[in-house]
Amino acid sequence: MKNPLSAAGLAAALALLSACAAAPSQSMADQSSSAPAGKESAEGKSYPGLDPSNDTDPFPSTYHALPSTTVALVGATVFTGTGSRIDNGTVILENGKIAAVGANLPVPAGAKVVDARGKYVTPGIIDAHSHLGVYATPEVWANSDGNEATDPNTAQVWAEHSVWPQDPGFNRAREGGITTLEILPGSANLFGGRAVILKNVPGRTAQDMKFPGAPYGLKMACGENPKRVYGTKNRAPSTRMGNIFGYRKAWIEAQDYRRKWDEYHKKMAEFKGGHGDKAPEAPKRDLQLDTLAGVLDGSILVQNHCYRGDEMAQMIAISHEFGFHISMFHHGSEAYKVADILKKEDICVATWGEWWGFKMEAFDGIEENAALLSKAGVCTVIHSDDAILTQHLPQEAAIALAAGRRAGIEIDEAEAIKWVTANPAKSIGVLDKTGTLEPGKMADVVLWSADPFSVYALTEQVYVDGAVVYDRHDPSRQPLSDFELGQAGPAHPGAQP
Amino acid sequence: MRTSLLALAAFALTAAAQAETIAITHAKIETLGSAGEIANGTILVKDGRIAAVGASVAVPSGAKIIDAGGHLVTPGVVASDTNLGAGEVEGEASSDDFAGASDQISAAFDVSLGVNPASMLIPVARMGGVTRSVIVPELAGRGDKKGEKLFAGQVAVIDLSGSPHSITRSHVALVADASSGAAARLGGSHGSVLQRLEADLDEAASYAANKGGYEHGTHRPFTQSKEDLEALQPILQGKEPLLIEVHRAADIRRVIDLGKRLKLKLILNGVEEGWMVAADIAASGYPVLVDPQTDLPNEFESLNSRMENAGLLAAAGVKIVVTPPYVGHYARQVRYNAGYAVAHGLPWADGIAAITKNPAEVFGFAEKEGRIEPGLDADLVVWSGDPLEMLTVPLHVLVKGEEQPMTSRAQELARRYGTLDPNQPPAYRH
């Protein structure tokens, strides 16, 4: 790739610009597929959009950390996200990173000192299951962009292309301490599409919010939703066995696709090495199979909506059959029934503290689920799936914690905070960057007015990459979306009148 | 019919009479009554009722002692505006009984007739300290499919004893909807809903003025059935409240105006923008039902939702009832919702009242429940800590003087799968 910005790339960029007008004539995909693939590739003038291996990041992150200074949060009770609790602790944020965490640390010269005595500090809260931006408020038809419910396999669609960065829900979530989000497509389809990881900062574009270097997720869905959505349209799948057929068929196609590209790349390397007299013909790129192939090569993490334990076991069998790993079961109401299997397979489970019973596959959901999973050694996550609940994620974890204690499972708060920090970071592939207060990690940090497991706890300050992105006592650090601007209500909904 | 009702009544009396005498001792008691808070006291329970409460209450010999060990005791929690007791699985219509309004029976629909005291949801809610459910019927169907009905039917109150006699009251309020959903179904404007409401009430007044004409077919044709016209009479007379869903500040004002003009007893439900017209609501004397977690502009009629709503309304003098999410599975969340309201400005004591005393007053069962005072039903909860905190759990729950088992189907599932036996399928463990 000597010339990455090829003619096609430029044309695609122009097509994107023209999207501002009423009717863009060609999408990027159209542009790509209308161009000839084989011959030009052979001459090394490949269009980047035609070979998936050359086009792994077509919508790159344009995220930049907001300005920050060196900050020392002093005197707090600190939950590190690694299972530790530090009383009277100091957390130092420097150059956007966690610089040091401990008791009685020296404060660097020039650092802004925040008196955190009597308060609590945790890593930024991570919601591994959010539809902010794709199901934005107000909940009008125009903002309903989360389910491409037109085919049971839409692995080719990407949630980030539906994200409306002006969703007021991002601001409310930040006020609740959320610094990182996985935005997923809905669960209408067996394969719903790609999930995107966002840093919860205000942005003009979705790309402004994209978490640099985070892997994509693939949303899959078990059970009632796909069979209901398509069954009521009188097409497949209309049963759970139809669901399973749909997954297996897709993975067979994905393996075939991956083999064709591997063969092509191998032959092309041979050709470039002087073997053969004719360059190999490139396979035609398929955006749906690209995503599935990304799962097979381990670069895309499977995020699987699945309520029932028996269905989880079937999904695991499919993962063995076709050679991929399920990163996390979402909702997982019955995960406690198969905790040993999930532990063995190293699969995380995201669930609620409280939600259950809204449909048959959630009828055996119990408050003790998370505690039972945690006790069994399963990577346990509390998620929201909801624009209100995401604002109260540590409190939702507290519900699960209390239920566990009532059942005789003693889990301390320093461990339980991992359910909304380190463990979701692991499950979405960013634990090396955020999710704990370890030196060198992104300074994504929340200062709480009280124990975050208390119903009365409010965020005082929220830091992302060391920058104050929310401050309850400073109106200049309380962002409003364009939609919230100029309304009759309070300029800052969190402020007292 | 008469005999069987009498027999039922006799059985109920016997059951109550057989309830054991219980003394809850060493309790910190939030009475919500004239005694206020008692730092270290005793509650004596006899025949299902509170016999005495105070710092020094004589405990009769033979009474069962529940030593609260200094823990807090409050009245049982009321879940208001829920389908708890009239539905099992939200997504399975065949399991639900909370939506029964039809063209023939709308205002008259009595949700209490579909209540199942053996609902599997009831022990789950009780484990969360809920002892009473104010069941609010919903219009059938979802969204646009709810049909052109204005009234969803009659509100019922049940206790969560699970006993066949747990339906304590029906017709405690009539449910109407003046939200944008109703507007979409009833003409397309919030205005058309209010016009329809007034027209329906006017028709009911006309019917009452000339029932003979109705029976002999000499009156003008009515759009509502006889059952529905009858059901509107107590509303017109101001005897039964109309529970009306309304969200936007301007709509709240208009509903209040309508209520005053027609001399209706109203309960306002939703009122996300209530804080903007808090003084008007306070002046009306109408109580409100609020969900304190609502802080997003979900609809164009609730753009100014905020978490301080409950606190600001209470500060203005409005009587507030805090609600759980509607679906009965989440009834136990109501105490956390009160906690969120407290986190955002509502005084703690008002938060407790908003889930005990206030709903009892608003839905007309204050003479039975909502406070810890002699003569009231002994619906009581001993808490491990502050009832509004997630980390707090109920240690003892009494409904009408009977101590409830602290277990539900959920705990049985947790026990069954908590430790697996490699040699025996879990199905053999129960």
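Reader: Why does Asp386(B) count as partly exposed?

Author: This is a predicted model, and the label rests on a neighbour count. Asp386(B) has 19 C-beta neighbours inside 10 Å. Buried takes 20 or more, and exposed takes 12 or fewer. The count of 19 lies in between, so Asp386(B) is partly exposed.

Reader: Where is Asp386(B) found?

Author: Asp386(B) is in the loop between strand E16 (380-383) and strand E17 (394-399) of chain B. Arg335(B) is 51 residues away from Asp386(B) in sequence. In space, the two are 10.0 Å apart, C-alpha to C-alpha.

Reader: What makes helix H8 of chain A mostly covered?

Author: H8(A) spans residues 287-296, and 7 of its 10 residues are buried. Each of those has 20 or more other C-beta atoms within 10 Å of its own. They are Leu289(A), Asp290(A), Thr291(A), Leu292(A), Ala293(A), Gly294(A) and Val295(A).

Reader: Which elements do the buried residues of H8(A) pack against?

Author: There are three strands and a helix, all in chain A: strand E8 (191-199), strand E9 (216-221), strand E10 (300-306) and helix H7 (240-272). Just after H8(A), Gly298(A) takes a positive phi of about 85 degrees.

Reader: Which residues of helix H6 of chain A are buried, and what covers them?

Author: In H6(A), residues 224-231, the buried ones are Asn225(A), Pro226(A), Lys227(A), Val229(A) and Tyr230(A). Their cover includes E9 and H7 of chain A.

Reader: How do you know that strands E9 and E10 of chain B pair?

Author: Pairing takes at least two bridges. E9(B), residues 156-159, and E10(B) share 2 bridges, so they pair. The sense is antiparallel. Val157(B) has Arg169(B) in E10(B) as its bridge partner.

Reader: What makes E6 and E10 of chain B edge strands?

Author: The open sheet has 4 strands in the order E6-E7-E9-E10 (chain B), with mixed pairing. Strand E6 (77-82) and strand E10 (167-169) each pair on one side only. Neighbouring strands of this sheet are turned by 30 degrees against each other on average, direction ignored.

Reader: How many residues of chain A are in contact with chain B?

Author: 41 residues of chain A touch 36 residues of chain B. Helix H4 (168-175) and helix H12 (393-406) of chain A each give two or more residues to the chain A side. H12(A) gives the most, with 6 residues. The chain A side divides into 23 nonpolar, 8 polar and 10 charged residues.

Reader: Which residues touch the most other members of the largest nonpolar core?

Author: They are Val349(A), Ile43(B), Ile135(B) and Leu268(B), in a core of 259 residues. H12(A) gives the most to this core, with 8 residues. Leaving out residues up to four places away in sequence, Ile43(B) touches eight residues by name: Ile24(B), Ala27(B), Ile29(B), Ile50(B), Val53(B), Val73(B), Ile372(B) and Leu380(B). In soluble globular proteins, nonpolar side chains tend to be buried together.

Reader: What is the mean pLDDT of chain A, and where does pLDDT stay under 50?

Author: The mean is 91, and 89% of the residues of chain A reach 70 or more. Over residues 1-42 of chain A, pLDDT stays under 50. The model has 44 contacts beyond four places in sequence for that stretch. Where pLDDT is low, the predicted coordinates should not be read in detail.

Reader: How many helices and strands does chain A have?

Author: Chain A comes to 14 helices and 16 strands. Of its 497 residues, 53% count as buried.

Key
Residues are numbered from 1 along each chain as its sequence is written. Chains are lettered from A and ligands numbered from 1 in the order in which they are written. This is a predicted model: local features need pLDDT of at least 70, side-chain atom pairs count only at pLDDT 80 or more; totals for chains, interfaces and linings use all residues. Axes are lines fitted to C-alpha atoms, for helices over the stretch in contact, and angles run from 0 to 180 degrees between N-to-C directions. Two residues are in contact if their C-beta atoms, placed from the backbone, lie within 7 Å. Ala, Val, Leu, Ile, Met, Phe, Trp, Tyr, Cys and Pro count as nonpolar, Asp, Glu, Lys and Arg as charged, and the others, Gly among them, as polar. pLDDT is the predictor's confidence in each residue, from 0 to 100. A nonpolar core is a set of buried Ala, Val, Leu, Ile, Met, Phe, Trp, Tyr and Cys residues joined through C-beta atoms within 7 Å.
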